[in-house]
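Visitor: I'd like a close look at the side chains in this one. Could you take me through the cysteines first, and then go on to the other contacts?

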Amino acid sequence: MRAGALLSLWLMGLACQPGNGSPAPGFPPEPDHGFVEPGEEAPGGATSVADTGPDAFSQPAGNLSLARRSEFLVGEAFFEADWFPAPSARTDRDGLGPLFHAVSCLACHPRGGRGAPPGPGAPALSLLVRLSLPGTKPWGAPVPEPTYGDQLQPLAVASVAPEGRVEVRTTEQPGTFEDGEAYALQVPELVLSGLAYGPLHPETRLSPRVAQPMFGLGLLAAVPEETVRAWEDPDDADGDGISGRANRVWSARQGQTVLGRFGWKANQPDLEHQNAGALAGDLGITSPLSPAEPCTLSQAECHAAPSGGVPELDARKLAALTFYTHLIGVPARQAVDRPEVLKGKDVFHRAGCARCHRPRLETGPLEGYPELSGQTLWPYTDLLLHDLGEALADGREDFLASGREWRTPPLWGLGRTQQVSGHTRLLHDGRARSVMEAILWHGGEAEGSRERVRRLSQEDRRALLAFLASL
């Protein structure tokens with residue numbers, strides 16, 4: 001399941017423009033930031049957890065009481081459990097499919113971490129492919145591909161044909177830093193095969209997406225809307241080259257458009273919608289917010305397949321899952337006072353990186369979640385959309401988000417990616433094999449930034465990476 005909250009990515013949106021201690025063009029000089037600020041070591045405030053090992057992204061919030069942990073554990077059970085096709089002896093776990101991408105939320109978010117693109121010949125477990133046609137539905141949602149819907153489903157129950165297979169082929173794109181050190185970027189090509197229901201519409205737009213880490217999402221839900229809206233600068237009125245803007249998306253619960261916060265393009269209003277959409281899209285599990293099976297008019301066998309109930313996940317279970325995804329704690333930082341880390345932090349600020357990846361936020365009240373209210377956070381995001389250029393564009397609009405825009409992902413927990421997820425693949429499609437590769441892919445608002453990173457000395461590059469690895 002893709003619940004959503006790098007980088008693509010957690011560095012998706014990184015407008016990083018470091019330059020050997022000098023301010024980035026268009027930015028006023030920055031004060032010195034090479035020191036530890038109060039609270040940095042606990043980026044989730046009181047929700048922070050001491051576990052920084054392989055299970056660091058799946059711990060209950062540090063301030064969650066024992067009385068409320070039982071609800072957390074119920075939601076965790078739904079997140080981790082395998083689902084089965086209906087009818088099944090496990091009536092509390094049947095209803096998988098008829099078309100689906102995975103059998104559990106955990107399959108896409110191993111240990112609550114980020115997904116990765118598939119290796120050669122391997123199934124695309126934690127990478128899905130969004131499908132759409134040009135234009136929008138009422139309220140701005142993308143138009144689904146008429147035969148296959150809004151997501152390609154590589155798996156199906158026994159009586160239904162899977163929609164198709166996904167393969168990612170890559171080529172190397174060489175480059176060099178100004179000091180002569182070589183690097184290579186991995187350029188992905190998406191290949192679909194075995195399409196069981198006929199060809200795709202000729203105007204179909206494809207957007208591969210990897211699953212994002214699960215921790216700290218409730219804290220982002222608790223950031224006041226007025227805080228996010230105050231950072232918008234769609235016309236770049238201040239002339240700094242950064243023109244972030246908020247997405248506005250449809251809330252089925254409220255029956256109106258609201259601020260988008262979650263998903264690669266901030267296309268989900270809250271975690272309840274994010275969870276319900278992922279259950280339906282990835283597992284074929286219906287719920288009160290997503291009551292329809294994802295079968296199109298061309299898929300008669302899909303419509304005829306047995307159901308696990310109406311809905312298959314009732315309101316009580318969806319509430320438990322939503323509670324769980326709100327209250328996963330944020331891992332504490334390590335080595336915050338190391339000299340190289342502090343030097344890298346200063347480079348990060350002097351470069352203007354913090355103008356998109358805002359270090360410090362405050363949460364407001366969030367009904368039903370006192371643990372998340374009134375916290376000081378260090379997530380490194382502004383929750384806004386930014387243009388990252390043609391190289392990272394998917395060409396797919398999503399409500400107000402253009403085909404070149406992506407939400408600034410939080411950077412917290414970045415240094416734990418390898419230990420938790422077993423890889424360091426970043427960006428929305430996992431093309432970047434390292435943090436530096438993710439930076440070098442940036443264009444659009446960050447094109448100048450990318451070039452300034454290329455001009456950094458090796459010492460400053462190491463310091464910047466040491467700081468990002470400490471988050």
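Guide: Here is a walk through the cysteines, then a buried lysine, a loop threonine and the aromatic rings.

A word on the ground rules: this is a predicted model, where local features need pLDDT of at least 70, side-chain atom pairs count only at pLDDT 80 or more, and totals for chains, interfaces and linings use all residues. Residues are numbered from 1 along each chain as its sequence is written, and side-chain values use heavy atoms, with hydrogens and water left out.

Now the cysteines. A disulfide is a covalent bond between the sulfur atoms of two cysteines; here the test is a pair of cysteine sulfur atoms within 2.5 Å. Searching the whole structure turns up 1 disulfide. Its partners are Cys-295 and Cys-302, with 1.9 Å from S to S. The link between Cys-295 and Cys-302 is left-handed, at -60° about the S-S bond. Cys-295 and Cys-302 are both buried (buried is under 20% relative accessible area, exposed is over 50%, and partly exposed is in between, using a 1.4 Å probe and protein chains only).

Two other cysteines are worth a stop. Why does Cys-105 not bond to Cys-108? Because Cys-108 holds the closest cysteine sulfur to that of Cys-105, and at 8.0 Å it is too far for a bond. Cys-105 itself counts as buried, at 1% relative accessibility. Cys-356 tells a similar tale: its closest cysteine sulfur is in Cys-353, 8.9 Å away, so that is too far for a bond. Cys-356 is buried with a relative accessible area of 0%.

On to the lysine. Lys-265 sits in the loop between strand S9 (256-259) and helix H5 (271-283); helices (H or I, at least four residues) and strands (E, at least two) are DSSP runs numbered from the N terminus. Lys-265 is buried, at 0% relative accessible area. What does its side chain reach? There is a polar contact with the side chain of Asp-394 at 2.9 Å, and the backbone oxygen of Glu-405 is reached at 3.3 Å. (A polar contact is a pair of N or O atoms within 3.5 Å; within protein, one must be able to donate a hydrogen and the other to accept it, and residues adjacent in sequence count only if both atoms are side-chain atoms.)

Another loop residue is Thr-204, between strand S6 (182-193) and strand S7 (205-210). Thr-204 counts as buried at 16% relative accessibility, and its side chain reaches the backbone oxygen of His-201 at 2.6 Å. Setting aside neighbours within four places in sequence, Thr-204 is in contact (heavy atoms within 4.5 Å) with Leu-131, Ser-132, Leu-133 and Glu-145. Thr-204 and Arg-396 are 192 residues apart along the chain, yet their C-alpha atoms are separated by 9.5 Å.

Last, the rings. The structure holds 11 aromatic pairs (rings of Phe, Tyr and Trp, the last by its six-membered ring, pair if their centres lie within 6.5 Å; planes under 30 degrees apart count as stacked, over 60 as edge-to-face and the rest as tilted). Among them is the stacked pair of Trp-139 and Trp-250, 4.3 Å centre to centre with 15° between the planes. Trp-139 lies in the loop between strand S2 (127-136) and strand S3 (142-143), and Trp-250 in strand S8 (residues 248-251), so the pair ties together parts 111 residues apart in sequence. Trp-139 is exposed at 55% relative accessible area, while Trp-250 is partly exposed at 26%.
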